[in-house]
Amino acid sequence: MEIKTFNCLSADALKIRTTVFVNEQGFHDEFDKIDDIATHFVMYDGNKPIATCRVFKKLEENKYILGRMAVISEYRRQNLGTNLLSFAEKYVKDIGGAELMLHSQCRASEFYKKAGYCEYGEIENEEGHPHIWMKKILK
C-alpha cells in the first residue's frame, strides 16, 4: 500500500468520500471550503484509491484537525485506517503539530480510542449522525 499527499482535494479523494460518506452514509454536505486549505492523503492498492483523510491547522498554534477519514468497504477491517491515521499523525508531528483533534462519528470512536485519542465535549448531531470531539497529544 502506498500513501500519497496532496495539497488539494484530488479526484481520488473525492471519489472515496463520495462513495463512503454520500452514497453509503447519506451525508449531503460532504465537501466544504476546508478542502481548499487542507492537506489530503490517499492510500492506494496499486493504482486503486482505497482510503483517504485530510488535516488542516486549527487557529491555535501547533494544533491540527483530522477529518474525512474513509476506507472503501471491501478494504475495511485490514488495519488500513490505522496505517493511514499513523501516517497523518507523523505528518502533523513532522510539521510541528503537537495535538491532533477530530470530530468522530460515535460509532467510530472506539477505533480512535485504540489509537490513543480521548473524547471531550458533548455529542453533536451532523446530518443525523452523532459525533464526538476527540484529541491526542502527539509525542
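**Salt bridges, a helix and a charged patch**

With a relative accessibility of 36%, K113 counts as partly exposed. The model in which this residue sits is predicted. The side chain of K113 meets that of E110 in a salt bridge, with 2 atoms, N and O, 3.2 Å apart. E110 is also partly exposed, at 46% relative accessibility. Both residues belong to helix 4 (residues 109-114), where they stand 3 residues apart, a separation of about one helical turn. An α-helix has 3.6 residues a turn, so residues three or four places apart point the same way. Side chains of opposite charge can pair when their charged atoms come close.

The pair in helix 4 is one of several. In the whole structure, a search finds 12 salt bridges. One of these contacts joins R76 and E24, whose side chains meet at 2.7 Å from N to O. R76 is in the loop between strand 4 (63-71) and helix 3, whereas E24 is in helix 1 (residues 11-24), so this salt bridge ties together parts that lie 52 residues apart in the sequence. R76 is partly exposed, with 30% relative accessibility, and E24 is partly exposed as well, at 38%.

Another salt bridge forms between E30 and R68, where the closest N and O atoms are 3.2 Å apart. Here too distant parts of the chain are linked: E30 lies in the loop between helix 1 and helix 2 (34-37), R68 lies in strand 4, and 38 residues separate the two. E30 is buried, because its relative accessible area is 4% and the limit for a buried residue is under 20%. R68, at 22% relative accessibility, counts as partly exposed.

The loop between helix 1 and helix 2 also holds Q25. Q25 counts as buried, with a relative accessibility of 18%. The C-alpha atom of Q25 is 9.0 Å from that of H129, although their positions lie 104 residues apart along the chain.

Next comes helix 3, which covers residues 80-94. At 1.5 Å a residue, its 15 residues should span 21 Å, and the C-alpha atoms at its ends are 21 Å apart, so the two values agree. Several residues of helix 3 are buried, including L80, L84, L85, A88 and V92. The charged residue E89 and the glycine G81 are buried in helix 3 too. After helix 3 comes G96, which has a positive phi, near 100 degrees.

Which residue other than glycine has a positive phi near 65 degrees? That residue is N79. N79 is placed in the loop between strand 4 and helix 3. With a relative accessible area of 54%, N79 is exposed.

E127 is a further residue that is not a glycine and yet has a positive phi, of about 50 degrees. Its place is in the loop between strand 6 (118-126) and strand 7 (129-137). E127 is partly exposed, with a relative accessible area of 33%. On the surface, E127 gathers with D29, E122, E124 and E126 in a patch of negative charge. Residues of such a patch need over 30% relative accessible area and no salt bridge, so E127, at 33%, meets the area requirement.

Notes
Residues are numbered from 1 along each chain as its sequence is written. This is a predicted model: local features need pLDDT of at least 70, side-chain atom pairs count only at pLDDT 80 or more; totals for chains, interfaces and linings use all residues. Side-chain values use heavy atoms; hydrogens and water are left out. Patches are made of residues with over 30% relative accessible area and no salt bridge: like charges are joined within 9 Å, nonpolar side chains (Val, Leu, Ile, Met, Phe, Trp, Tyr) within 5 Å. Accessible areas come from the Shrake-Rupley method with a 1.4 Å probe; for residues, only the protein chains shown count as cover. A salt bridge is a side-chain nitrogen of Lys or Arg within 4 Å of a carboxyl oxygen of Asp or Glu. Lys and Arg count as positive and Asp and Glu as negative; His and the chain ends are not counted. The place of a charge is taken as NZ of Lys, CZ of Arg, CG of Asp or CD of Glu. Helices (H or I, at least four residues) and strands (E, at least two) are DSSP runs, numbered from the N terminus. Buried means under 20% relative accessible area, exposed over 50%, partly exposed in between (1.4 Å probe, protein chains only). The expected span of a helix is 1.5 Å times one less than its number of residues.
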